[in-house]
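Here are my notes on the structure, written so that you can follow along with the model open. Have a look at the cysteines while you read.

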Amino acid sequence: GIPPDCIQCKEGMKCEEIGMTFPMQEAGYNLQIKEGKRRLSSDASGTGVQVYIAYKCRNALECPAGPPETCAANRDPETIGCGTCFANFFAGDDEAECRACSGSESGFFLIVVLAVAV
(Lines give C-alpha, C1' and ligand atoms only; values in the text may rest on other atoms or scores of the structure.)
Protein backbone atom coordinates (compact mmCIF):
# COMPACT_ATOMS: atom_id res chain seq x y z
CA GLY A 1 0.00 0.00 0.00
CA ILE A 2 0.79 3.67 0.06
CA PRO A 3 2.75 5.02 3.06
CA PRO A 4 0.51 7.10 5.35
CA ASP A 5 2.30 10.38 4.58
CA CYS A 6 2.01 9.97 0.80
CA ILE A 7 -0.72 10.18 -1.82
CA GLN A 8 -1.07 8.66 -5.26
CA CYS A 9 -0.26 10.85 -8.20
CA LYS A 10 -3.26 12.34 -9.96
CA GLU A 11 -3.87 13.27 -13.58
CA GLY A 12 -1.05 15.50 -14.82
CA MET A 13 1.55 14.04 -12.45
CA LYS A 14 4.24 11.44 -13.19
CA CYS A 15 5.46 9.38 -10.23
CA GLU A 16 7.17 6.47 -11.91
CA GLU A 17 10.42 6.23 -9.96
CA ILE A 18 10.74 4.52 -6.59
CA GLY A 19 11.83 6.97 -3.90
CA MET A 20 10.65 10.12 -5.66
CA THR A 21 10.21 12.99 -3.22
CA PHE A 22 8.06 15.07 -5.59
CA PRO A 23 6.05 14.36 -8.75
CA MET A 24 7.09 15.32 -12.24
CA GLN A 25 4.77 17.19 -14.57
CA GLU A 26 3.26 15.31 -17.55
CA ALA A 27 3.40 16.99 -20.96
CA GLY A 28 0.25 19.02 -21.48
CA TYR A 29 -0.13 19.90 -17.79
CA ASN A 30 1.13 22.75 -15.62
CA LEU A 31 1.84 21.32 -12.17
CA GLN A 32 1.88 24.24 -9.75
CA ILE A 33 3.38 24.15 -6.26
CA LYS A 34 1.04 25.72 -3.75
CA GLU A 35 2.85 25.52 -0.38
CA GLY A 36 5.58 23.87 1.66
CA LYS A 37 8.52 21.85 0.47
CA ARG A 38 8.41 19.49 -2.48
CA ARG A 39 7.08 16.19 -1.23
CA LEU A 40 4.36 13.74 -2.16
CA SER A 41 2.09 14.00 0.81
CA SER A 42 -1.57 14.25 1.76
CA ASP A 43 -0.87 16.37 4.84
CA ALA A 44 -1.70 19.96 3.90
CA SER A 45 -2.05 21.12 7.49
CA GLY A 46 0.53 23.87 7.15
CA THR A 47 3.41 21.72 8.40
CA GLY A 48 5.51 22.50 5.34
CA VAL A 49 4.21 19.63 3.24
CA GLN A 50 3.81 20.21 -0.47
CA VAL A 51 0.46 20.70 -2.19
CA TYR A 52 0.33 20.39 -5.99
CA ILE A 53 -2.39 21.41 -8.42
CA ALA A 54 -2.29 20.17 -12.03
CA TYR A 55 -3.84 22.43 -14.67
CA LYS A 56 -4.56 21.19 -18.19
CA CYS A 57 -2.74 23.28 -20.79
CA ARG A 58 -3.78 24.26 -24.32
CA ASN A 59 -1.07 21.94 -25.65
CA ALA A 60 2.00 19.96 -24.67
CA LEU A 61 4.34 22.49 -26.31
CA GLU A 62 3.38 25.25 -23.87
CA CYS A 63 3.62 22.80 -20.93
CA PRO A 64 6.36 20.24 -21.60
CA ALA A 65 7.07 17.30 -19.29
CA GLY A 66 9.53 18.02 -16.50
CA PRO A 67 9.73 19.25 -12.91
CA PRO A 68 6.71 21.09 -11.49
CA GLU A 69 6.13 24.57 -12.95
CA THR A 70 7.88 23.79 -16.24
CA CYS A 71 6.66 25.96 -19.12
CA ALA A 72 7.93 26.75 -22.61
CA ALA A 73 10.52 29.52 -22.77
CA ASN A 74 9.41 32.88 -21.36
CA ARG A 75 5.95 31.64 -20.29
CA ASP A 76 4.87 32.41 -16.73
CA PRO A 77 4.62 29.15 -14.71
CA GLU A 78 2.50 30.86 -12.06
CA THR A 79 -0.34 31.45 -14.52
CA ILE A 80 -2.86 28.67 -15.07
CA GLY A 81 -1.66 26.33 -17.80
CA CYS A 82 1.39 28.50 -18.59
CA GLY A 83 -1.22 30.64 -20.32
CA THR A 84 0.60 33.97 -20.46
CA CYS A 85 4.00 35.28 -21.37
CA PHE A 86 6.26 37.19 -19.00
CA ALA A 87 6.14 41.00 -19.23
CA ASN A 88 7.71 42.36 -22.45
CA PHE A 89 7.26 39.02 -24.23
CA PHE A 90 4.57 37.88 -26.66
CA ALA A 91 3.33 34.58 -28.06
CA GLY A 92 3.49 33.99 -31.78
CA ASP A 93 0.53 32.52 -33.61
CA ASP A 94 1.95 29.02 -33.87
CA GLU A 95 4.72 29.03 -31.28
CA ALA A 96 4.72 27.75 -27.72
CA GLU A 97 7.68 29.89 -26.68
CA CYS A 98 7.19 33.59 -26.03
CA ARG A 99 9.47 36.02 -27.82
CA ALA A 100 10.82 39.32 -26.58
CA CYS A 101 9.10 42.45 -27.78
CA SER A 102 11.51 44.52 -29.83
CA GLY A 103 11.69 48.27 -30.16
CA SER A 104 10.79 48.10 -33.86
CA GLU A 105 7.43 46.48 -33.09
CA SER A 106 6.50 49.15 -30.55
CA GLY A 107 7.71 51.81 -33.02
CA PHE A 108 5.42 50.40 -35.72
CA PHE A 109 2.49 50.56 -33.29
CA LEU A 110 3.30 54.20 -32.51
CA ILE A 111 3.40 55.08 -36.24
CA VAL A 112 0.01 53.39 -36.78
CA VAL A 113 -1.50 55.26 -33.79
CA LEU A 114 -0.11 58.57 -35.04
CA ALA A 115 -1.38 57.91 -38.58
CA VAL A 116 -4.87 57.12 -37.28
CA ALA A 117 -4.84 60.20 -35.02
CA VAL A 118 -4.00 62.51 -37.96
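1. Let's start with a pair of cysteines in the middle of things: C71 and C82 are both buried, where buried stands for under 20% relative accessible area, exposed for over 50%, and partly exposed for what falls in between, using a 1.4 Å probe and protein chains only. C82 in fact has a relative accessibility of 0%.

2. Before going on, a word on where this comes from: the model is predicted, so local features need pLDDT of at least 70 and side-chain atom pairs count only at pLDDT 80 or more, while totals for chains, interfaces and linings use all residues. Residues are numbered from 1 along each chain as its sequence is written, and side-chain values use heavy atoms, with hydrogens and water left out.

3. What joins C71 to C82? A disulfide does, with an S to S distance of 1.9 Å; the cut-off for calling a pair of cysteine sulfur atoms a disulfide is within 2.5 Å. In general, a disulfide is a covalent bond between the sulfur atoms of two cysteines. The torsion about the S-S bond of C71 and C82 is about -75°, so this disulfide is left-handed. Both cysteines sit in the loop between β4 (51-56) and β5 (89-91), 11 residues apart.

4. C82 deserves a second look, as its phi is positive, about 50°, although C82 is not a glycine. N74 does a similar thing, with a positive phi of about 65° and again no glycine. N74 also lies in the loop between β4 and β5, but N74 counts as partly exposed, at 29% relative accessibility. As background, most residues other than glycine have a negative phi.

5. Next comes the disulfide from C85 to C98, with 1.9 Å from S to S. With -70° about the S-S bond, this link is left-handed. C85 lies in the loop between β4 and β5 and C98 in strand β6 (residues 98-100), so the pair ties together parts that are 13 residues apart in sequence. Buried or exposed, what are C85 and C98? Both are buried.

6. Now for C9 and C15, which form a disulfide with their sulfur atoms 1.3 Å apart. C9 counts as partly exposed at 27% relative accessibility, and C15 is partly exposed too, at 29%.

7. How many disulfides are there by the distance rule? The count comes to four. Counting bonded cysteines along the chain, the pattern reads 1-2, 3-4, 5-6, 7-8. C101 is in no disulfide, and the nearest cysteine sulfur, that of C85, is 8.3 Å away. C101 is partly exposed, with a relative accessible area of 43%.

8. Zooming out, the protein chain has one helix and six strands, taken as DSSP runs numbered from the N terminus (helices: H or I, at least four residues; strands: E, at least two). Along the sequence, the order is β-β-β-β-β-β-α.

9. Last, some totals. Of the 118 residues of the protein chain, 27% count as buried. Among contacts (heavy atoms within 4.5 Å) between residues at least 6 apart in sequence, 42% join residues at least 24 apart. The chain exposes about 7,600 Å², and carbon and sulfur atoms supply 57% of that area; accessible areas come from the Shrake-Rupley method with a 1.4 Å probe, and for residues only the protein chains shown count as cover.
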